[in-house]
Protein chains: 2
Amino acid sequence: MQGHEIKVTFQPSGRSVYVLPGTVLLEAAGRAGVILQTPCGGKGTCGKCRVRLMDAPLKPSPASVGTLSPEQVEQGYRLACCTPVDAPMVVEVPPESTFESQQQILTDDSGTEVEISPLVHKRCFELPEPSCEDPRADLVRLQEVLGDIDVSPELMRQLPAFLRTNEWKGMAVLSNNHLVALEPGDTTGDGYGVAVDLGSTTVVGKLFDLVSGRECGVASEINPQVAFGDDVISRIMHVRENEDGLTALQSAAVECLNTIVQKLVAQADIRTDEVYEIVLAGNSTMQQILCGYDPSALGEVPFVQAFEEAQILAASDLGLDANPAAEVYVFPQIGSFVGGDTVAGIVAARLDRWNEPVLFVDIGTNGEIVLANGDQLLATSTAAGPAFEGARIRQGMRATAGAIEKVLIRDNVAVNVIGDVAPAGLCGTALIDAVADLLRADIIDETGRILPVEELPEGVPEALQARLITEGNETRFVLASTDEAAGDEAICLWQKDVRELQLAAGAVRAGIQIMLRRVGVEPDAIHRVLLAGAFGNFIRRSNARRIGLLPQISCDRIRFIGNAASLGAKLVLLSDRERAYAAQLQEQTEHIDLSLDPEFQMEFGMAMIFPSSDIDDLKFCHKR
Amino acid sequence: MQGHEIKVTFQPSGRSVYVLPGTVLLEAAGRAGVILQTPCGGKGTCGKCRVRLMDAPLKPSPASVGTLSPEQVEQGYRLACCTPVDAPMVVEVPPESTFESQQQILTDDSGTEVEISPLVHKRCFELPEPSCEDPRADLVRLQEVLGDIDVSPELMRQLPAFLRTNEWKGMAVLSNNHLVALEPGDTTGDGYGVAVDLGSTTVVGKLFDLVSGRECGVASEINPQVAFGDDVISRIMHVRENEDGLTALQSAAVECLNTIVQKLVAQADIRTDEVYEIVLAGNSTMQQILCGYDPSALGEVPFVQAFEEAQILAASDLGLDANPAAEVYVFPQIGSFVGGDTVAGIVAARLDRWNEPVLFVDIGTNGEIVLANGDQLLATSTAAGPAFEGARIRQGMRATAGAIEKVLIRDNVAVNVIGDVAPAGLCGTALIDAVADLLRADIIDETGRILPVEELPEGVPEALQARLITEGNETRFVLASTDEAAGDEAICLWQKDVRELQLAAGAVRAGIQIMLRRVGVEPDAIHRVLLAGAFGNFIRRSNARRIGLLPQISCDRIRFIGNAASLGAKLVLLSDRERAYAAQLQEQTEHIDLSLDPEFQMEFGMAMIFPSSDIDDLKFCHKR
């Protein structure tokens with residue numbers, strides 16, 4: 001099966017990804033975590049996504065050349081949005097083409113420029129020495145040069161000695177107009193910040209130079225809170241049932257963040273106290289636990305969060321490794337299950353700046369959905385359930401080594417296994433692939449039933465029929481035989497697994513339907529579906545659409561936007577305007593509680609039925 | 001000698017004072033620490049200073065009746081400003097006549113009303129319980145009722161549990177728009193604050209009910225920092241020369257304040273955590289040490305303070321006993337030696353609200369002088385030296401038991417001793433009395449020389465001549481003979497003592513002269529001299545004027561205003577407008593460094609010569 005896919009390697013990051021032939025480079029890059037600029041929406045008109053093919057074909061297709069000059073084409077430059085992958089390739093990504101790693105200026109999807117202006121900044125100062133003629137107070141002297149800054153009692157205690165031992169000059173580290181530190185000498189450029197995606201399973205931190213905006217390191221850790229439960233609800237229960245439960249969970253998160261910070265400062269060879277700011281984006285439970293705010297009310301009806309606006313805490317108060325004066329920014333939250341990670345995601349997606357309806361979808365245990373229709377933003381979360389993460393699936397597993405991550409069913413079955421080992425189970429993406437292709441093969445019907453051989457319509461390939469095993473009323477489909485599988489047991493798609501997927505996908509679809517109805521937008525009119533998050537990065541769009549998880553729109557309107565929460569955290573870290581933008585988006589977004597919608601139950605019931613056809617089915621049938 | 005004075009007792013405080021016959025009641029009250037209202041400046045026209053004489057004479061003098069009704073006069077009411085003391089009396093002070101102890105409304109000297117509106121206030125709240133239809137965040141719910149308040153992470157940690165265990169209602173304690181505490185039940189009225197006069201020798205704290213403005217207790221302690229030196233300079237030296245000197249001095253002050261707070265809460269029978277605010281007024285060194293701001297630069301040229309604007313600290317940060325969220329307000333400072341106590345004093349004196357030139361004088365080791373000429377305010381300090389506190393005087397002592405505190409020299413000498421014991425030395429007020437009367441008796445000449453018997457002019461009573469002892473070039477004057485004195489030695493006024501007084505008084509007089517010249521005001525034009533501070537309360541005005549400490553103006557224009565710093569601290573504690581007023585006065589006041597004034601040395605030299613005569617001398621001679 002791996003032979004069916006083509007390897008693409010991106011430089012300078014060295015990240016590789018396997019894609020099916022015909023996948024455009026833009027999306028291959030997205031799956032590799034390399035987010036390219038696409039102000040024009042991938043139409044081949046802006047030229048911002050250009051990359052260089054290290055072994056370029058002599059004759060490029062006209063579309064993939066687009067706005068490039070003949071010289072650039074000669075040098076191997078192509079537009080990633082219009083270049084299909086047809087052979088293994090190594091692609092060089094020029095810094096100006098990426099969304100993430102630009103120096104000084106970030107350009108967002110809508111083409112507006114984002115200046116780097118972090119809340120934390122440094123200013124060099126030199127004060128006139130006091131004299132009998134000018135005996136003004138130390139603070140007055142400093143404020144004359146730096147403006148009307150606030151100085152805490154803690155720093156007032158350092159100020160007189162600092163000024164006198166450093167000849168009345170030095171660096172002031174300011175956060176907004178608060179003095180956070182005094183440093184001797186000229187330390188311009190030695191300021192760093194950390195942007196953290198605080199996931200319930202994985203915590204990822206990135207270190208940024210606050211002057212250049214340059215990324216200086218990445219580190220991730222498994223969230224040690226998994227010891228208290230895999231999902232947020234079990235962690236909330238732990239807090240409710242144990243007197244020191246909150247402290248235990250908070251400490252676990254703080255330790256994890258400190259491990260990440262230590263890895264980052266080691267990578268960049270800087271001191272811990274050069275980290276002046278930490279920006280955190282996580283779901284409401286993760287964020288509240290980290291702040292030390294009791295999350296109990298998030299765990300029972302009516303699901304109430306402690307705050308909505310961003311929280312600013314002192315790193316020292318939380319026990320986080322950083323400069324003693326460093327601030328911790330925790331993202332604003334829209335609702336109990338539409339947390340700071342979603343806000344960070346829609347910041348990165350510039351969700352209010354599209355002229356046509358756009359759907360932002362982040363699928364995990366919960367599916368967070370934000371629908372933007374011009375200025376109007378609606379957000380909701382659906383209890384997608386753990387099926388997408390491989391849980392509650394009979395032979396399900398997380399997307400780690402040994403997991404079947406991809407399934408392709410035509411005349412026979414091909415699977416792709418993570419880590420090039422014998423398969424031990426299947427993960428969420430493979431579940432979607434299998435069900436989608438079995439729907440196409442008429443082996444699963446609209447109700448989700450896996451048909452026994454005797455009920456199959458005509459024309460189902462024999463190799464597939466041979467994989468059906470019926471016991472009593474239930475039929476299962478063998479994805480990997482006993483011989484192929486790592487253990488003693490064949491790996492199958494079970495009837496119950498299909499039911500779990502129906503529940504999960506149905507919840508998301510019903511949520512999308514209700515949101516669309518609220519703003520009066522037809523699914524057809526959706527300009528883009530932006531798939532955020534790790535899971536979103538790996539699902540096959542046509543398959544997600546086939547099972548009804550995503551609306552029936554052309555795949556080229558469904559885009560992977562990578563780890564949008566992490567990108568949003570970075571933006572807020574680097575620019576105070578982005579911080580204001582995050583506040584604005586939080587304020588602007590209306591939270592919809594699906595359980596209160598009178599139509600939700602009916603919509604959910606209907607969504608449990610798989611779509612009877614898919615807009616690409618014709619092509620597919622034709623191809624087949 | 002005590003027989004010469006008349007005892008006046010004020011009710012309900014029970015405070016007594018001895019005054020010379022003819023002293024008006026207003027001033028007797030001032031010396032007893034009972035500050036009466038005098039919006040009209042003591043002209044007998046406003047009627048605000050009315051008091052009731054318990055044994056009123058049948059026929060009052062017309063002036064002392066003023067604006068009173070015949071019924072009031074019948075009941076014994078008189079105007080304190082126009083009633084001379086001619087016999088021992090008990091005086092009842094109606095609450096509405098005092099400056100300090102009014103309920104709800106304070107009325108200041110200029111007649112404006114001061115509403116009680118402390119920065120710290122409580123608000124009762126009751127929130128709608130969350131429901132599926134209204135699942136807004138806890139903080140959003142609270143802010144809807146209390147307005148856009150700031151809530152620290154610390155309180156956010158309490159909020160969810162507080163709301164749920166108290167049925168969504170309780171009391172919010174707010175400082176300005178910051179939430180400082182949450183309390184269950186209705187605790188309206190249970191809020192207290194402490195106003196502290198942080199003197200280098202004595203620390204006085206008063207407890208106030210922040211709702212009614214009522215004074216609920218007074219406590220004082222010797223400042224334990226005296227162990228590190230009597231004056232501020234020696235304490236600054238201790239900080240400079242010992243690594244942990246600042247910590248030691250700060251801890252001593254904090255311990256002292258905690259002792260006072262504990263006394264106060266015991267007096268009022270309240271809990272420590274009901275104290276929500278502490279306001280402190282002290283000189284710049286005392287204030288900086290308490291804040292933990294290195295005062296070293298206050299101890300050497302060019303004498304630089306750390307701050308000018310008021311400092312707000314957390315009581316918990318300083319280790320002060322109070323509600324964990326209580327704030328500590330430290331007064332703004334005008335200059336290195338014109339500190340928060342002076343600002344508090346001029347707040348109490350409403351110094352910018354007089355229509356004619358007014359001089360505010362606080363005499364201690366330093367003499368702080370503030371001259372107001374309409375809106376224009378000038379402040380300075382003079383190194384008055386320790387003479388007024390009895391130090392550097394050969395037989396000097398503090399104003400404690402055994403100290404001669406008053407001297408009257410006519411045909412012979414009469415002295416008043418504190419504590420009704422045999423005299424052991426003399427304190428600052430007696431020094432001034434003795435020198436003034438010896439100048440009047442022509443025993444001391446203008447240059448300050450104590451004349452030997454053979455140089456005396458004619459007419460000096462023999463009893464006085466007999467008290468002069470000449471040894472070599474120097475003559476001394478016996479105030480109490482060996483028989484009268486507590487020890488083996490007679491108590492004398494020595495030539496060196498007169499020189500010390502000349503230095504001290506000369507510095508203050510030169511300061512006043514230069515200030516007057518700066519604004520172009522003649523001494524004659526001074527409408528009021530306001531004497532603040534403990535020492536100011538006890539000096540005889542005519543004597544202070546005779547030695548040149550105060551300008552040559554009529555004694556009825558020289559007023560004692562009591563502990564103005566303490567009153568100013570109280571005002572700021574009780575009203576946020578007073579806090580703004582303090583900031584305004586600090587901003588408005590120009591600091592004059594006398595040492596930079598080219599005329600100061602000459603002026604100081606001239607001021608060392610005693611005035612050749614006093615405007616009352618004629619009367620005096622006549623009387624004599």
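Domain bounds come from an automatic or database domain assignment. The model is predicted: local features need pLDDT of at least 70, side-chain atom pairs count only at pLDDT 80 or more, and totals for chains, interfaces and linings use all residues. Residues are numbered from 1 along each chain as its sequence is written, while chains are lettered from A and ligands numbered from 1 in the order in which they are written.

**Exercise 1.** State into which domains chain A is divided.

*Solution.* Chain A comprises domain 1 (2-98), domain 2 (120-183), domain 3 (192-330), domain 4 (341-386 + 502-607) and domain 5 (395-493). Taken over C-alpha atoms, the centres of domain 1 and domain 5 of chain A are separated by 33 Å.

**Exercise 2.** Describe the side of chain B that touches chain A.

*Solution.* Contact requires C-beta atoms, placed from the backbone, within 7 Å. On this criterion, 36 residues of chain A are in contact with 35 residues of chain B. At least two residues of this side of chain B come from each of helix H3 (138-146), helix H4 (153-165) and strand S15 (311-314) of chain B; helices (H or I, at least four residues) and strands (E, at least two) are DSSP runs, numbered from the N terminus. H4(B) gives the largest share, six residues.

**Exercise 3.** Determine which strands of the sheet S23-S24-S25 (chain B) stand at the edges.

*Solution.* Strands pair if DSSP finds at least two bridges between them. The three strands form an open, antiparallel sheet in the order S23-S24-S25 (chain B). Strand S23 (468-471) and strand S25 (491-493) of chain B each have a single partner strand, so they stand at the edges, with one side of each left without a neighbour in the sheet. S23(B) pairs with strand S24 (residues 474-480) of chain B over four bridges, and B:Ile469 has B:Arg476 in S24(B) as its bridge partner.

Note on methods
Contact = placed C-beta atoms within 7 Å.
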